[in-house]
Amino acid sequence: MSTTSPEIQSTVEGGFGKRPLVQRLVGANTFWIALVLLALIAVFTVLAPAQFATLFTFQTLLIETSVLLVLSVGMTFVIITSGIDLSVGSVLIFSGMVCGKTMEALSGGNASTAGWGIIAIGLAAAVASGTIWGLINGFLIAVAKIPPLIVTLGTMGAALGSAYLLNNGSDVRSVPTALNRTLGYGTSLGGVPNLVLVAAVITLIGAWLLHTTRFGRYTYAVGSNAEAARRAGIGVTAHLLKVYLLTGFLAGIAGFLSLAYYASTTITAHTTDNLNAIAATVMGGTSLFGGVGSVLGTVIGVFIPAVLKKGFNITQVQDFWQMIAVGAVLIAAVWFDQRRRRQRNSR
């Protein structure tokens, strides 16, 4: 006899019942947030067609969102489990710093002319350092049972402070020219930026992992009801550890991508990336209460602030309005999620 609760069984199977497709579509956060994004693009296209609706503008948008998108994919997994990770921005900075210092050390203090062998070692160092912070977060949250907000608030400061200590508070600026030209600004497939291609591949892998594998089904189940998931035979502690490990791993990759693009660690440019990743994930329809979310929604959520910023700059509207608009969309997304949960619970 199965011990799986109906709620967990439905979640693990990824079922939506037998509701019609149109009803499911209209009831999804992703559908409405996609309409918001399309409306923004349409408005700015009408207001400034010669400046906004250009290939260069959309290329720039894709490049500027690539690093944040990689962070947000990891954040999607965390928030679906009903957790939070405030440390991803600091882990990105720390990983980029470790990568830069490693390449400098292997190049005699100046990595500008370093080859791909040294770059590969730098990548490994960035990924390893990010994964270690993810392991620390996962252990303290899943094993030590400390609330995610407190743990990641602590590691946010610890990772950022460690990054400052590694180079006495200064940025690493001697980044291999080959890395910057190839990954940072290089293109493939007829003009698609390589940075965007890497971010797209990572996003597709994240979507596959979340939506088609047992790992993804367990992620939804844990976020829906951790106790019920445990009784259903899911190793909740081990799974949470893996989720935060994955988030740290992706933050390490994001640190490497940022280093490639900016040719510097740019510490001050990433201090709000944690909040931006959370906002993008929630705007994309991932529920702060856990158990609901999608990578597609996160992709849309990442682009909304980027489109607003680009559109306001082109139409010469003050950037302050972007903050107001993003805040309004974020609040609306959370309100919509709460309304949907109340309707579901009242049935």
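Helices are taken here as DSSP runs of H or I with at least four residues, numbered from the N terminus. In this predicted model, helix 12 covers residues 226–231, and within helix 12 R230 and E227 lie three residues apart, a spacing of about one helical turn. The side chains of R230 and E227 meet in a salt bridge, with N and O 3.1 Å apart. Both partners are in the intermediate class of accessibility: R230 is partly exposed at 37%, and E227 is likewise partly exposed at 39%. The pairing does not end with these two residues, as salt bridges with shared partners join E227, R230 and R231 into one network.

It helps to look next at the salt bridges as a group. Side chains of opposite charge can pair when their charged atoms come close. With a cut-off of 4 Å between a side-chain nitrogen of Lys or Arg and a carboxyl oxygen of Asp or Glu, the count comes to four salt bridges. One of them connects E64 with K310, whose closest N and O atoms are 3.6 Å apart. This pair links distant parts of the chain: E64 belongs to helix 5 (residues 55–80) and K310 to helix 15 (residues 295–314), with the two positions 246 residues apart in numbering. How buried or exposed are the two ends of this link? E64 has a relative accessible area of 45% and is therefore partly exposed. K310 has a relative accessibility of 16%, so K310 counts as buried, given that the class requires a value under 20%.

Another salt bridge brings together the side chains of D171 and R173, at an N to O distance of 3.8 Å. Here, too, the partners fall into separate classes. D171 is partly exposed, with a relative accessible area of 22%, while R173 reaches 61% and is exposed, the threshold for that class being over 50%.

Attention turns finally to helix 13, which runs over residues 236–262 and contains 27 residues. Does the geometry of helix 13 agree or disagree with the expected span? At 1.5 Å a residue, helix 13 should span 39 Å, and its end C-alpha atoms are indeed 39 Å apart, so the two values agree. The surroundings of helix 13 can be read from its accessibility: 20 of its 27 residues are buried, and helix 13 is therefore largely enclosed by the rest of the structure. Helix 13 is followed by A263, a residue with a positive phi, near 55°.

Technical notes:
Residues numbered from 1 in each chain as written. Predicted model: local features only at pLDDT ≥ 70, side-chain atom pairs only at ≥ 80, totals over all residues. Heavy atoms only, no water. Expected span 1.5 Å × (residues − 1). Buried < 20%, exposed > 50% of the residue type's maximum accessible area, 1.4 Å probe, protein only.
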